[in-house]
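Reader: I have a structure open on my screen and would like to talk it through with you. Could we begin with the ligand and then turn to the cysteines?

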Amino acid sequence: MKNKIRRTLENPDRLSASEIMNYLPEECLCRNIECFNCLDSTNTRAKQFAEAGEPEGTLIVSEKQTAGRGRRGRSWSSESEEGIYMSFLLRPNIPTQKVSALTLLSALAVVKAIKEICSVEAEIKWPNDVMIAKKKICGILTEMSSEENDIRYVIVGMGINANTTDFPEEIKDTAGSVYLQTGKKVNRCELTAAVIRHFCNSYERFCKEQSLASFVEEYNAVLVNRDKEVRIYYGMVENSTSDQTDTGIARGIDSEGALLAEVDGKIQRIISGEVSVRGLYGYV
Ligand code: BTN
């Protein structure tokens, strides 16, 4: 295929399927990697692979995207060949309402991989933005195809600003990259493999336990919102019919991935949507 990547000696920092694979243990769920120079969106390509019957564990990676997609219909800046754009195809045997947990586990995998490969502490802004020193360096878009309560497939798409040096005007104050935050270029193949390895370990455990209970402590330890003031949209609060907003103090997630926020001494469960830490991360 013409669009597929070849890593050469003249081109040392290219994403390459064989190099990523070399960093993965043999027993890893990820046994098929497709690497491209340019795609519209790795999530869209992964969906095509899924519809064509590709097995769980297929990873699509691209140097660039022309139509990278973000959450809530936003776009994801993907012009730079210094980033990592990847989508992982999964066919989990879990109820559809537990799929959002996979996004939280992906964020946790990115934090662990960055710590392991780049020796820097990243944090999570609930539910799934990865930050270093208040700058967003990774976003995650999880998409699912299901029939009634049966999952056909899930695509977990991750965009990591690895060695990125330039951002479009509209995000340049809020976005960062691992390189800009650490001053060191990262081997993107190694980082990609570390993310997938950490994610696969968590994924297999989560599918067995069908709960985030054994991840709560680890997740809360890197939760940037923890014990900080958060704005709460009551439309996202369990058992609430109000559409008002309020402020509370985030106390961490529970075993279902909901954010627990304390408001006037009472704990509210926020099940999805926006949380902003006022003064710190007003935009994300
Ligand atoms: C966000 O809005 O924070 C989520 C951004 C997700 C971007 C990634 S890049 C790889 C994959 N392909 C896409 O089109 N989107 C995701």
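**The ligand and the cysteines**

Author: Sorted by class, the shell around the ligand holds 5 nonpolar, 10 polar and 4 charged residues. Please keep in mind that this is a predicted model.

Reader: How many residues surround the ligand, and which are the closest?

Author: There are 19 residues around the ligand, and the closest are Ser 41, Gln 65, Arg 69, Arg 71 and Lys 136.

Reader: Which atoms of Arg 71 and Lys 136 does the ligand meet?

Author: For Arg 71, a polar backbone atom is 2.7 Å from an oxygen atom of the ligand, while for Lys 136 an N or O atom in the side chain is 2.7 Å from a ligand oxygen. The ligand taken alone exposes 410 Å², of which the protein buries 98%.

Reader: And which element gives the largest share of that shell?

Author: That is β6, with 4 residues; the elements that give two or more residues are α2 (42–51), β3 (84–90), β6 (135–147) and β7 (150–160).

Reader: Changing topic, how many disulfides are there?

Author: The count is 0 disulfides, taking a pair of cysteine sulfur atoms within 2.5 Å as the cut-off.

Reader: Why is Cys 35 not bonded to Cys 189?

Author: Because the sulfur of Cys 189, the closest cysteine sulfur to that of Cys 35, is 6.8 Å away, which is too far for a bond. Cys 200 is in no disulfide either, with the nearest cysteine sulfur, that of Cys 28, 3.8 Å away.

Reader: Is Cys 200 buried or exposed?

Author: Cys 200 is buried, at a relative accessible area of 2%, and Cys 35 also counts as buried, at 4% relative accessibility.

Notes: Residues numbered from 1 in each chain as written. Predicted model: local features only at pLDDT ≥ 70, side-chain atom pairs only at ≥ 80, totals over all residues. Heavy atoms only, no water. Buried < 20%, exposed > 50% of the residue type's maximum accessible area, 1.4 Å probe, protein only. Near = heavy atom within 4 Å. Polar contact = N/O pair within 3.5 Å; in protein donor to acceptor, adjacent residues only side chain to side chain. Areas by Shrake-Rupley, 256 points an atom, 1.4 Å probe, with all protein chains shown as cover. Nonpolar A, V, L, I, M, F, W, Y, C, P; charged D, E, K, R; others polar.
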